[in-house]
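Grab a pencil and try these short exercises on the structure below. Have a go at each task before you read its solution.

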Amino acid sequence: MAASPSPILSPLHYNCNTINDKKKKLFLLANPLVFSISSKPIKTNEGSFMILFSYKSGSGLTAKDKKVLVERYGFDPNEYISERKTKRGKEVLGKGKGKEVVTEEEAKPPRTTHKLLQVLGGKAKRKKLLSPKGMDVRPMMEVVKGAAFGMLQVAGGCPASLRPGRWLDLYSGTGSVGIEAISRGCSEVHFVEMDPWVISNVLQPNLEWTRFLDVSVVHPVRVENFLEQADRFVGSDGPFDYISVTPPYTQVDYGTLMAQISKSAIIGEDTFIVVEYPLRTNMLDSCGCLVKIKDRRFGRTHLAIYGPKWAQKKKKSQNTFHNTAQKF
């Protein structure tokens, strides 16, 4: 049986054996609804025929007329109206209005930046840095960054600044860690960031604003690819003096990542590595030829520092001297 594509109002049964063709036409003309009737009605088990009819938009009926008409055939108008609204609501949610279907990508607002970060120490101290709004990029918290550089400076034997050297900033994002390193004494920083929008709208402007562009190298690749080709990036300069590892927590396997770093050409016997990691993450006591010097907690964030064995021995001797001095 052919039926209209518009929402079905209700089924109507009548016995075609008792109604002649003339009465059928009069019946249809007497009702202001537009019917959709097949040329061959469906015969039911009781010998009667069932005809489905549906209301089409544009019939000109008011809501009151529709209610009266539905009541005339023994149906509950309230039940019909609520059912119709429910179906219409689902249709609008599922398909949208006409062609105005809004996809998730279209609904996503454009990416913007703000200045909430700043350089904490060194020659660019207090300079504001750009960072993306939202959680696309999660910069290291300033309290964590300040503590990390404080521990590195002490471990390197220069509490007031970093030892001159080359810094590798993995998962650099805004570049705030690498910029802090240049500000505190590093001679060159390599930034590894795979997001083109972050590079052009955040990292590059931050390097220009702090005037560190000339001593910076940006690698627009994935960290995994960078580590695989470390020999080419390291070149004749040898391993990096400092490495910061601040990945998005949920998108990396720390065991796999640290194993790849430990076997890479980027680290040497005198390298320091700063790793930011979340709670419930097991960090090994060593990374290649380096040993864990510090492991501090800042709320839900942990900070581990790996360094050369001589830095660990120096730390032990300092603690021994401090405990001996307290006895006197």
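**Exercise 1.** Find which residues touch the most other members of the largest nonpolar core, and which helix gives the most to this core.

*Solution.* Start with the core itself: in this predicted model, it has 32 residues, and Leu152, Leu162, Trp167 and Leu303 touch the most other members. Next, look at where the residues come from. Elements that give two or more residues include helix 5 (142-155), helix 7 (196-209) and strand 13 (301-307). Helix 5 comes out on top, with seven residues. Finally, check what else is there: apart from this core lies another one of 28 residues, among them Val192, Tyr254, Met283 and Ala304.

**Exercise 2.** Check the distance between the end C-alpha atoms of helix 5 against its expected span.

*Solution.* Helix 5 has 14 residues, and at 1.5 Å a residue, counting one less than the number of residues, it should span 20 Å. Now look at the model: the end C-alpha atoms are 20 Å apart, so the two agree. Just after the helix you meet Gly157, whose phi is positive, near 90°.

**Exercise 3.** Decide whether Gln153 is buried or exposed, and list what it touches.

*Solution.* First, place the residue: Gln153 lies in helix 5. Then use the cut-off: buried means under 20% relative accessible area. Gln153 has 5% relative accessibility, so it counts as buried. Other buried residues of helix 5 include Val144, Lys145 and Phe149. Lastly, leaving out residues up to four places away in sequence, Gln153 touches Cys158, Pro159, Ala160, Ser161, Leu162 and Arg184.

Note on methods:
Residues numbered from 1 in each chain as written. Predicted model: local features only at pLDDT ≥ 70, side-chain atom pairs only at ≥ 80, totals over all residues. Heavy atoms only, no water. Core = buried A, V, L, I, M, F, W, Y, C linked by side-chain atoms within 4.5 Å. Buried < 20%, exposed > 50% of the residue type's maximum accessible area, 1.4 Å probe, protein only. Helix = DSSP H or I, 4+ residues; strand = E, 2+ residues; numbered from the N terminus. Contact = heavy atoms within 4.5 Å.
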